[in-house]
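Reader: I should like to go through the helix packing and the internal cavities of this protein. Please take the structure as the starting point.

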Amino acid sequence: MNLKKLSAAALSILLTSTLALAQTGELIFSYDFESTKDGWSGRQNEKLELTGDAAHNGKQCLKVSNRQASWNGGMVKSDGLKAGHSYYFECYVMYYNSKHKTHKHQLCASYKLNGETKYVDLRTITCKSGYWYKVYATISFPNDVTDIGFYVQSLYKENNETNNDRLDIYIDDALCYEDTTVAPVEMVNPDSITSLKDYYSKYFKIGTSVSTYELSKEIATKHIKKHCNSITCENETKPDALLDQKKTQATGKVCVTINDNTKAIMDFCVENDIAFRGHTLVWYSQTPDWFFNKDFKDNGTKLNKTDMSIRLEQYVQAVFEAISSTCPNLKLYAFDVVNEAFENDGGGIRGWSNWSNIYKDESFMDSAFTYARKYAPKNCKLYYNDYNEYMTKKTDDMYNLVKRLYDNGVCDGVGMQSHLDCSYPTVDDVRTTIKKFLSIGDNIDLQVTELDITIKNNYTDKDQAALYKGLFDLYVEHADHISSVTLWGTSDGVSWRKENNQRPLLFDDSYSPKLSYFAVVHEDAPEYLTADPIKYPAPDPEPDVIGKLLSVNDEALENLKIYGKTGVVVIETANNAKVDVCIFQIDGRMVGHYTIDGYAEISLPSGVYIVDKQKIVIM
Ligand code: XIL
């Protein structure tokens, strides 16, 4: 490290920081923001500028303004940051807003792996308005990553952001050095891991849901071809994707069109010898209203039960015909004929659905299954599919329905969606559910159709891995009656439950295997997945460096006249000069930042204030 290159300010910070964490490697960069911000940028359309408004040390700092979202902030990149190395980064952050007393800032890092950007939250610190806080962390960047950067933002909020989440951020005295005390991460190569479909080939198919968009990414198609022998369209075979209103209105008969998006997924399955699950025919959701209305109009009167049944038959027939004519070689082995017809946790059929409103009873399901049996290819099994299937009242509702349909020969099995959480259900809950469903009949088939497990509150990746392992072991126990297990998505980044960092799948945003993946293939996970995260001491709740606002016009500041009058502080500048002045309370908290154009009276409640280094008493 060349110490001469460091400014005095950065050197002093470096020395202070060595008390916290020993510096062991080469200095990659340091910024005191007195002369340059090269290497820093926003994350969207932020404005980044050097400013004399405030400084932690010296006379300037970096100001990040025009923030449109909590995740907007100041980001630094450097050619010196290399994949497969560990780095210590620190900087000071400050904001001020007299009405918003504390604010959470987040230090993060990001990089690209397998074409996907990964965001890593390093630390969140709570700051008081007008105080500078040091925030620091060490991170190991895995091998093969690109586009490495560190950034400071407000605590990320997906929803309910306010203007306070977009306040200007001041950054000063940033530095980064290689931290050779922390071993770099040697990531597992996704190409060389065990294939899920091969591992479970004796037992059941391994499926994933997929969107057309995902098929445009090489990393995703590689992943699917390696691990999956079944695909469900995430949305592309739902009623709203298949029903063709124009054609239907023109012909007066329900028409279905396999559009390009749907066809692309089906073609992908055929090209790669992947079996296909149809999802779904009858559902309260993602089904256009016009389908239930007289003359197929957007707003019209609803059909009666008899007419709706005719329409239902036309629709079911049209779906199977459209699939076989558009994609004759598709291995269509399963279809969810009815999806989510019951209330969440028992209590019979869902009240608020066009189906139940028109039929007033469960008979739309009997009809749907009867038509599906009539028109589906012989080797395509038919399922009733639902979630919360392990909640006992709902299990009973599903059991009673499927038992009747099965006994009537129109239904082959139960689709257990399995949208789970680490906290609930347990493996034993699911075992009880499986046993109940298996008692429907000797040939009943179960499929796990939409498996994912969210991580919330204090639950960890280890909890998720344990539940995934317990479930897969349970599925293997009952493999004679479980023909496929589908995960609802390939990787956390595309999951419908990805918000709030719930990371519900076996692979992370970059399609890298997670702890849960290794649990499911009964292999030891690499250390970088099992190691506990680095714990940092909480930042000083009362930092001794208060926010210092500086004048843009030092000379004018020298000649300021400042005095207190009843209820106001008066500031006069020499020669009517324009200066920026900041007023602090005696304990260092900032009251405000004012631009004085010659003369100003600023109203203040009685008390003692510091105005540009002077103590002023206001009566
Ligand atoms: C979800 C999709 O994943 C989302 O992309 C879409 O916006 C809503 O539907 N149960 C089901 C699936 O049967 O069809 C749902 O899929 C998830 C819950």
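Reader: Are helices α9 and α10 roughly parallel, roughly perpendicular or oblique to each other?
Author: This is a predicted model, and every value below is computed from it. The axes of α9 (residues 363-375) and α10 (residues 392-407) come within 11 Å and cross at roughly 40°. Angles under 35 degrees count as roughly parallel, and 65 to 115 as roughly perpendicular. The relation of α9 to α10 is therefore oblique.

Reader: Which residues of α10 does α9 meet, and what is the handedness of the crossing?
Author: On the α9 side, the contact is made by M365, D366 and F369, and their partners in α10 are L401, R404 and L405. By class, this contact has four nonpolar, no polar and two charged residues. As for handedness, α9 passes α10 in a crossing that is right-handed.

Reader: How is α10 oriented relative to α11?
Author: Helix α11 spans residues 427-438, and its axis lies 10 Å from that of α10. The two helices pack at an angle of about 20°. Angles under 35 degrees count as roughly parallel. The orientation of α10 relative to α11 is therefore roughly parallel.

Reader: Which residues of α11 are met by α10?
Author: The crossing of these two helices, α10 and α11, is right-handed. From α10, the residues in contact are T395, D396, M398 and Y399. The contact of α10 with α11 divides into three nonpolar, two polar and two charged residues. The partners in α11 are T433, K436 and F437.

Reader: How many nonpolar, polar and charged residues are there in the contact of α7 with α9?
Author: The axes of α7 (residues 305-326) and α9 come within 9 Å and cross at roughly 35°, and the crossing is right-handed. From α7, the contact includes K305, L312 and F320, while α9 contributes F364, Y371 and Y375, among others. By class, the contact of α7 with α9 has eight nonpolar, four polar and three charged residues.

Reader: Turning to the interior, what is the volume of the largest cavity?
Author: With a cut-off of 30 Å³ or more, the count comes to three cavities. The largest of them has a volume of about 70 Å³.

Reader: Which element gives the most residues to the lining of that largest cavity?
Author: Of the 13 residues that line the largest cavity, the closest to its centre are H223, L487, G489, T490 and F507. By class, this lining has seven nonpolar, six polar and no charged residues. At least two lining residues each come from β12 (205-210) and α3 (218-227). The element that gives the most, with three residues, is β12.

Reader: Which residues are the closest to the centre of the second largest cavity?
Author: The second largest cavity holds about 60 Å³ of space. The cavity is lined by 13 residues. Those closest to its centre are Y284, E340, A341, S353 and F364.

Reader: Which elements give two or more residues to the lining of the second largest cavity?
Author: The lining of the second largest cavity divides into eight nonpolar, three polar and two charged residues. F364 is one of the residues closest to the centre of this cavity, and F364 in α9 also takes part in the contact with α7. The elements that give two or more residues to this lining are β14 (275-283), β15 (332-339) and α8 (354-359).

Note on methods: Residues numbered from 1 in each chain as written. Predicted model: local features only at pLDDT ≥ 70, side-chain atom pairs only at ≥ 80, totals over all residues. Heavy atoms only, no water. Axes fitted to C-alpha atoms, helices over the stretch in contact; angles between N-to-C directions. Helix = DSSP H or I, 4+ residues; strand = E, 2+ residues; numbered from the N terminus. Parallel < 35°, antiparallel > 145°, perpendicular 65-115°, else oblique. Left-handed = near helix turned anticlockwise from the far one by under 90°. Contact = heavy atoms within 4.5 Å. Nonpolar A, V, L, I, M, F, W, Y, C, P; charged D, E, K, R; others polar. 1 Å grid on protein atoms, 1.4 Å probe; cavity = no way out; pocket = protein on both sides within 12 Å on 5 of 7 lines; lining within 4 Å. Points joined across faces, edges and corners; volume = space filled by probe spheres on them.
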